[in-house]
Each structure stands twice: as C-alpha cells, then as structure tokens.
Amino acid sequence: MTDMSRPPIPRAAAHLFVDISAHGLGHLAPAAPILDALCRQLPELRLTVRSALPEARLRSRIHGAFTHIAAATDFGFAMHDAIRIDLPATWQRYRQFHADWARRVDDAARLLSDLRPDLVLTDVAYLPLAGAARAGIPAWSMCSLNWADLFAHFFTGNAGPSDESGESQAIHRDILAAYRSTEKFLRLTPAMPMRDFGNTQAIAPVAPLGTPDRSALRQRLALAPDERTVLIAYGGFDRDLGAASWPHRQGIRWLIPHAWNIHRPDMVALESVVSPDLAFPDLLASVDAVLAKPGYGTFVETACNGVPVLYQRREDWPEQDCLIDWLGQNNRCLEIAPDTLARGELAESLTALWQQTTPPRPQPDGIVEATGLLRTRLTA
C-alpha cells in the first residue's frame with residue numbers, strides 16, 4: 001500500500017551538455033537564443049557549456065545560468081582570414097586529429113560519463129557525439145552545416161589531396177559515423193542538404209530579434225541628420241579590409257572592429273557602442289546596413305530584423321550558395337566584388353541596396369521548434 005503521508009521524491013534536474021564551436025561566431029548565434037528559451041522554460045535545468053569562445057562573449061548571448069568549460073573539440077578549418085581557407089594547414093590538422101581518433105573518443109566518453117548529462121548537444125562538433133555514443137549517452141547536433149560534408153568537399157575525391165592510402169576517406173568515415181550516431185540533427189533553415197545523415201529534422205530559421213532604437217544609436221554616435229550607420233560584421237574573424245584607406249563618404253558612419261585600430265571621424269569601434277543597455281542584437285536591429293561575408297548567424301539575424309546586407313562571397317565555401325539564395329528571397333541584399341571592397345567604393349552599392357523593395361521578414365520560429373523538441377527530450 002502506498003504511504004500517502006510521504007512527500008514524493010523530487011526528480012533530479014535535467015542536465016544538458018552543450019558544445020559550441022569557436023570557428024567564428026556563427027555557431028553561438030543560433031545556439032544562444034535556443035538555450036535562453038530553454039532555460040526560461042526549465043528553470044531548474046543544469047546547463048554545461050563547453051566552448052573556446054571567451055566566457056564573457058558566451059554570457060553576453062546566453063543569459064541563463066551555466067557552467068563553462070573552456071575547451072575546443074573541433075577546429076573546422078584553418079583560416080588565412082574570414083574569407084580564405086588555409087587548405088594545407090587544415091589537412092594536416094585533420095590528419096593529426098584523427099591519428100589517435102580511438103583515444104580521443106575514449107577520453108570524450110570518459111568525461112561525459114563523469115559529468116552524466118541527460119543529453120549532449122553540439123553545434124557542430126562531432127567528437128562529443130562519438131564520445132556520447134561510446135558512453136551510451138543520447139546526443140543531438142544542430143547547425144546549417146556539418147564538418148563531414150565540408151571535409152568531403154575539400155579532401156575526398158578529385159578535389160582532395162593525393163591519398164593513395166585512403167586516409168582522407170577514413171577520416172571522412174569517422175566524422176560521418178559520429179554525426180550518424182546521434183538521435184537527431186536539427187537542420188536549421190537555411191542549410192546544406194546533408195543527404196548522407198538519415199537523422200536530420202529541418203526546422204525554421206533561428207535568430208534573436210533585437211529591439212531597434214535608431215534614435216538612441218544616433219544620439220550615442222552624435223550622428224548628423226543625414227548620416228547612416230553601416231555595421232561591418234565578419235563573424236568573429238577580424239579580417240582587415242584595408243578600411244583605413246577607404247575614401248571618406250559624407251553621410252556614412254562605419255562600425256568597425258576595435259582590433260583594426262583605425263582612428264577616423266567616420267569610423268567607430270563596435271565594442272565601444274555595445275553595452276548592457278544596447279546589446280548586440282539591439283544594435284544590429286538599429287543600424288541601416290551590414291557589410292558581411294556569408295554566414296548563418298549574420299544572414300539570418302539581418303533578415304529576421306529587417307536590416308539590408310552588402311556581402312562578399314567567400315572563396316570556395318560550399319555552404320554559401322544556400323545562404324545567399326535564401327537571403328535573396330528574404331532580405332534586401334547586394335553582392336560586392338572584392339576589388340570594389342578593397343577600394344572602399346561602396347557608396348553606390350549602399351544607395352542601390354537602400355532603394356530595393358523590402359520583402360516580408362522571415363520569422364525565427366526555429367527557436368520555438370528547437371526548444372520544444374529539446375524540452376520534450378530532457379523531461380521524458
């Protein structure tokens with residue numbers, strides 16, 4: 001007979017372990033609003049976040065309480081800069097990373113077994129997924145891209161290096177097997193096809209919606225009545241665009257990375273503008289245009305916030321086609337040539353951009369979709 005006088009035993013709080021890639025900021029961008037929403041819906045959630053991104057950067061975008069582990073389990077690609085991949089260096093890093101793959105998986109499994117999460121979620125590292133599979137811990141991943149398809153594009157088949165031993169194919173099998181081991185891969189719209197997985201679930205776009213306050217921004221920057229703001233956002237890579245030699249154009253104020261160390265009246269360090277009362281999503285929603293490379297975070301955030309984009313194509317980046325196609329349908333946008341950008345001759349392009357017809361804004365309903373799926377899994 002049940003003793004009704006005894007209080008029920010409380011269920012332990014669910015524990016979510018999240019691994020966020022530090023290859024730029026495009027992986028934090030969709031992860032943060034999902035984790036924010038999940039923490040609001042599950043106040044007792046134990047959240048562990050592993051990432052090599054600075055902790056201050058993580059906490060500026062993820063507002064729920066979490067334990068931070070400062071480490072990276074993926075590197076994506078070695079980059080010359082935000083646009084150009086260092087393929088020889090990338091190939092050597094993958095060879096080194098997979099030379100002792102079995103030991104790495106064992107170490108990952110041991111760590112996860114010690115932490116005992118209820119679910120592992122990555123954006124978009126694959127080593128934690130292999131470790132979770134070995135430890136018998138359920139795992140999901142989410143992103144608009146994956147390292148298996150990108151590795152195959154550059155390093156297997158005719159595009160890859162001379163590889164008579166089949167080393168590149170073996171590495172690709174390791175990566176693909178890790179992704180296939182997950183219960184679910186949330187394929188964020190827009191995304192690469194990912195035809196080789198078999199466990200993908202497409203969800204709507206994911207992006208934080210900022211609160212636009214152009215008057216406050218104008219006041220903070222002491223803008224002239226006819227002056228417009230253009231944010232330069234290359235996704236965490238401080239690519240030097242040679243902006244110090246750009247011609248001064250009346251009516252344009254550039255928000256640039258502090259690392260460029262440019263001191264001109266028409267250029268302001270972005271970091272000096274972002275503050276607790278003007279978070280980055282609010283700043284982005286308040287500017288008149290963004291200059292960027294193709295990347296999920298920037299493209300989707302600008303479209304959902306109705307901010308037009310000038311973009312420069314990346315060199316041989318297979319993800320960009322789906323991003324550019326989607327942006328063209330959902331936002332005002334215009335491609336600029338590398339030589340045009342190098343000269344800083346952007347005034348005409350900006351004028352043409354601002355004259356385009358504004359399409360309906362896409363809604364970031366993927367936040368609700370992903371949060372619902374994760375909450376159901378964590379509370380099952």
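Strands β8 (residues 228-233) and β9 (residues 252-256) pair in the parallel sense over four bridges in this predicted model. Both belong to an open sheet of six strands with parallel pairing. A further open sheet, of seven strands, also has parallel pairing, and β1 is among its strands.

**Six-strand sheet**

- The strand order is β10-β9-β8-β11-β12-β13.
- β10 (267-269) and β13 (333-335) form the edges, each pairing on one side only.
- On average, neighbouring strands of this sheet are turned by 25 degrees against each other, direction ignored.

**Strand β8 and its neighbours**

- β8 is mostly covered, with five of its six residues buried.
- On the β9 side, T229 stands opposite R253, and V230 stands opposite W254.
- β8 also pairs with strand β11 (residues 289-292), again in the parallel sense and over four bridges.
- In that pairing, V230 stands opposite A289 of β11. V230 thus has an opposite residue in β9, namely W254, and one in β11, namely A289.

**Seven-strand sheet**

- The order of the strands is β3-β2-β1-β4-β5-β6-β7.
- The edge positions are held by β3 (67-69) and β7 (200-203), each of which pairs on one side only.
- The average turn between neighbouring strands of this sheet is 20 degrees, direction ignored.
- Helix α4 (residues 101-115) packs on the sheet and touches β1, β2, β3 and β4. The direction of α4 makes about 145 degrees with that of β1.

**Strand β1 and its neighbours**

- Six of the six residues of β1 (residues 15-20) are buried.
- Both faces of β1 are covered: on one side H15, F17 and D19 are buried, and on the other L16, V18 and I20 are buried.
- β1 pairs with strand β2 (residues 46-50) in the parallel sense over five bridges, and R50 of β2 is the bridge partner of D19.
- Between β1 and β2 the chain passes through helix α1 (residues 28-41), and this β-α-β crossover is right-handed.
- Five bridges join β1 to strand β4 (residues 119-123), and these two strands run parallel.
- In β4, T122 is the bridge partner of D19. D19 therefore links to R50 in β2 and to T122 in β4, while being one of the buried residues of β1.

**From β4 to β5**

- β4 and strand β5 (residues 139-143) run parallel and are joined by three bridges.
- T122 of β4, the bridge partner of D19, stands opposite S141 in β5.

**Packing of α1 against α14**

- Helix α1, the helix of the crossover from β1 to β2, packs with helix α14 (residues 366-378) at an angle of about 50 degrees. The axes of α1 and α14 are 9 Å apart.
- At this angle α1 and α14 are oblique to each other, and α1 passes α14 in a right-handed crossing.
- From α1, the contact is made by P33, I34, A37, L38 and Q41.
- From α14, the contact is made by I367, A370, T371, L374, R375 and L378.

Key. Residues numbered from 1 in each chain as written. Predicted model: local features only at pLDDT ≥ 70, side-chain atom pairs only at ≥ 80, totals over all residues. Heavy atoms only, no water. Buried < 20%, exposed > 50% of the residue type's maximum accessible area, 1.4 Å probe, protein only. Pairing = 2+ DSSP bridges. Right-handed = clockwise from strand over helix to strand, strands pointing away. Axes fitted to C-alpha atoms, helices over the stretch in contact; angles between N-to-C directions. Parallel < 35°, antiparallel > 145°, perpendicular 65-115°, else oblique. Left-handed = near helix turned anticlockwise from the far one by under 90°. Contact = heavy atoms within 4.5 Å.
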